[in-house]
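Me: Please take a close look at one part of this model, the pairing of its charged side chains, and then set that part in its surroundings. I am new to the structure, so kindly explain each term when it first appears.

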Amino acid sequence: MLDIAIIWDWLAFAVRWLHVITAMAWIGSSFYFVALDLGLRKVPHLPVGAHGEEWQVHGGGFYHIQKYLVAPENMPDHLVWFKWESYSTWLSGAGLLMIIYWVGGELYLIDPEKADLALWQGILISAASLSIGWLVYDFLCKSKLGDSPTLLMILLFIMLVAMGWGYNEIFTGRATMLHLGAFTATIMSANVFFIIIPNQKIVVADLKAGRTPDPKYGKIAKLRSTHNNYLTLPVVFLMLSNHYPLAFASEYNWVIAALVFLMGVSIRHYFNTNHAGAGNPTWTWLVTAILFVGIIHLSMAPMWSEDSYDVSESRALTPIEQVYANAEGIDDVMAIVPGRCAMCHAREPFYEGIHWAPKGIVLETKADVARAAQQIYLQAGVTNAMPPANVSFMEEDERKKVIEWYRNAKRDLPFGVASR
């Protein structure tokens with residue numbers, strides 16, 4: 001019989017792989033063109049309309065690159081567009097968010113200790129926030145603030161911090177950081193889809209029609225491209241944060257995210273200035289280091305789950321959790337999992353070197369176990385991934401009992417939620 005949970009996990013892996021590949025392509029091309037643009041040299045005898053040129057060597061050959069600030073006099077026969085790297089990254093990221101945080105929302109999205117929400121409500125907030133964020137940002141850019149780039153960047157930073165705080169009031173710490181990353185990435189990809197590429201198409205259309213392109217379209221696209229440049233590194237951090245409880249499980253995770261955005265600015269400022277030949281601002285290293293020390297300090301604040309054992313035992317279970325908590329074999333599982341896993345997956349881990357539960361998942365109460373049912377099944381039932389190196393000597397018959405319990409529960413779940 002096909003096991004939906006296993007297939008679903010492989011699907012998540014495949015989409016994550018695709019997301020990483022496309023993100024590498026997008027970020028790589030973005031960083032390359034920013035460095036190229038800043039490194040252009042104005043030399044004598046440039047073609048009419050050319051802003052600068054650059055000679056580069058790579059792969060055994062030489063490349064001669066010229067940039068036209070508005071457009072060349074004539075439309076070239078062959079024109080390469082850089083857009084699908086962005087679109088593919090966003091689409092694969094959206095798919096991964098749906099697979100993990102929507103379908104698996106009762107474990108990864110909703111935190112019942114913060115907000116009493118049904119899963120559909122959490123999903124609605126998740127989807128709506130990404131759309132609304134872009135609309136607000138786009139409105140600000142198209143307002144008179146577009147003529148004040150520094151003030152606009154400050155307002156964008158304030159909006160991102162406010163969103164981080166808002167997410168943290170509702171979602172799990174892990175979902176908070178991921179959604180803030182998705183919120184930011186949506187702005188970046190929408191900049192490409194709605195502003196940068198359409199403006200470039202207007203310029204191309206003017207060239208084909210024999211008209212002189214309006215330079216305002218390049219100026220508008222440049223503003224959005226600059227924002228994308230400074231937001232890239234924080235987005236990468238936020239997407240990686242779900243693997244590190246020290247980043248997402250702190251009470252001040254939204255403040256950590258705010259400091260990461262500032263680190264993104266300081267790091268990119270160094271490279272942008274250096275690539276432009278405008279100096280070597282090594283002071284940004286110190287600023288970045290100070291911000292990172294602040295992040296480390298904030299990460300040592302208590303996690304949301306600390307001292308919540310009694311709350312976990314007494315909280316009302318969701319309908320899906322109730323199925324796992326009442327399934328045949330739950331008593332065996334409760335005799336196995338806390339003993340084999342809670343040495344690390346506890347509110348106060350006692351295994352040497354473990355100070356916070358890995359990925360913020362605690363497995364002490366029946367509610368904890370029911371909430372993490374699929375992960376227990378995949379990590380400690382179907383595979384031997386947990387406990388790591390089998391340090392707690394989990395027996396094969398115990399793993400079989402975990403499998404039997406999970407599959408007993410799955411038979412009682414509706415088909416559409418059987419993979420949760």
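Reply: Glutamate 364 is a suitable starting point; it counts as partly exposed because its relative accessibility is 21%. Here buried means under 20% relative accessible area, exposed over 50%, and partly exposed in between, with a 1.4 Å probe and protein chains only. The model is predicted, so local features need pLDDT of at least 70 and side-chain atom pairs count only at pLDDT 80 or more, while totals for chains, interfaces and linings use all residues. Residues are numbered from 1 along each chain as its sequence is written, and side-chain values use heavy atoms, with hydrogens and water left out.

The side chain of glutamate 364 meets that of arginine 347 in a salt bridge of 2.5 Å, N to O. Both residues lie in the loop between α13 (330-341) and α14 (366-371), 17 residues apart. Arginine 347 is buried, at a relative accessible area of 9%. A salt bridge is a side-chain nitrogen of Lys or Arg within 4 Å of a carboxyl oxygen of Asp or Glu. Helices (H or I, at least four residues) and strands (E, at least two) are DSSP runs, numbered from the N terminus.

The whole structure holds 12 salt bridges. One of them joins lysine 410 and aspartate 3, at 3.3 Å from N to O. Lysine 410 belongs to helix α16 (residues 396-411) and aspartate 3 to the segment before α1 (4-38), so this pair ties together parts that are 407 residues apart in sequence. Lysine 410 counts as buried at 10% relative accessibility, and aspartate 3 is buried too, with 9%.

Helix α16 also contains the pair of glutamate 396 and arginine 399, whose side chains form a salt bridge of 3.9 Å, N to O. These two residues are 3 apart in that helix, which means that about one helical turn separates them. Glutamate 396 is partly exposed at 48% relative accessibility, whereas arginine 399 is buried at 2%. Salt bridges with shared partners also join Asp3, Arg407 and Lys410 into one network.

Arginine 268 offers a contrast. This residue, in helix α9 (residues 253-275), is buried but has no salt bridge. The nearest side chain of opposite charge is that of aspartate 37, 11 Å away; in this count Lys and Arg are positive and Asp and Glu negative, with His and the chain ends not counted. What does the charged end of arginine 268 sit over? It sits over the ring of phenylalanine 31, 4.3 Å from the ring centre. A charge sits over a ring if NZ of Lys or CZ of Arg is within 6 Å of the ring centre and within 35 degrees of the ring normal. Leaving aside neighbours within four places in sequence, arginine 268 is in contact (heavy atoms within 4.5 Å) with Phe31, Val34, Asn229, Tyr230 and Leu233. The charged end of arginine 174 is likewise placed over a ring, that of tyrosine 108, at 4.2 Å from its centre.

Rings also pair with one another. Rings of Phe, Tyr and Trp (its six-membered ring) pair if their centres lie within 6.5 Å; planes under 30 degrees apart count as stacked, over 60 as edge-to-face and the rest as tilted. By this rule there are 15 aromatic pairs. Among them is the stacked pair of tryptophan 134 and phenylalanine 194, with 5.6 Å between the centres and 20° between the planes. Tryptophan 134 is in helix α4 (residues 119-142) and phenylalanine 194 in helix α6 (residues 173-208), so the pair ties together parts 60 residues apart in sequence. Tryptophan 134 is buried at 10% relative accessible area, while phenylalanine 194 is partly exposed at 47%. Ring pairs link both residues with Trp84, Tyr87, Tyr137 and Phe193 in a cluster.

As for the surroundings, the chain has 16 helices and 2 strands. Its C-alpha atoms fill a box of roughly 80 × 45 × 45 Å along the principal axes. Buried residues make up 46% of the 420 residues. Among contacts between residues at least 6 apart in sequence, 69% join residues at least 24 apart.
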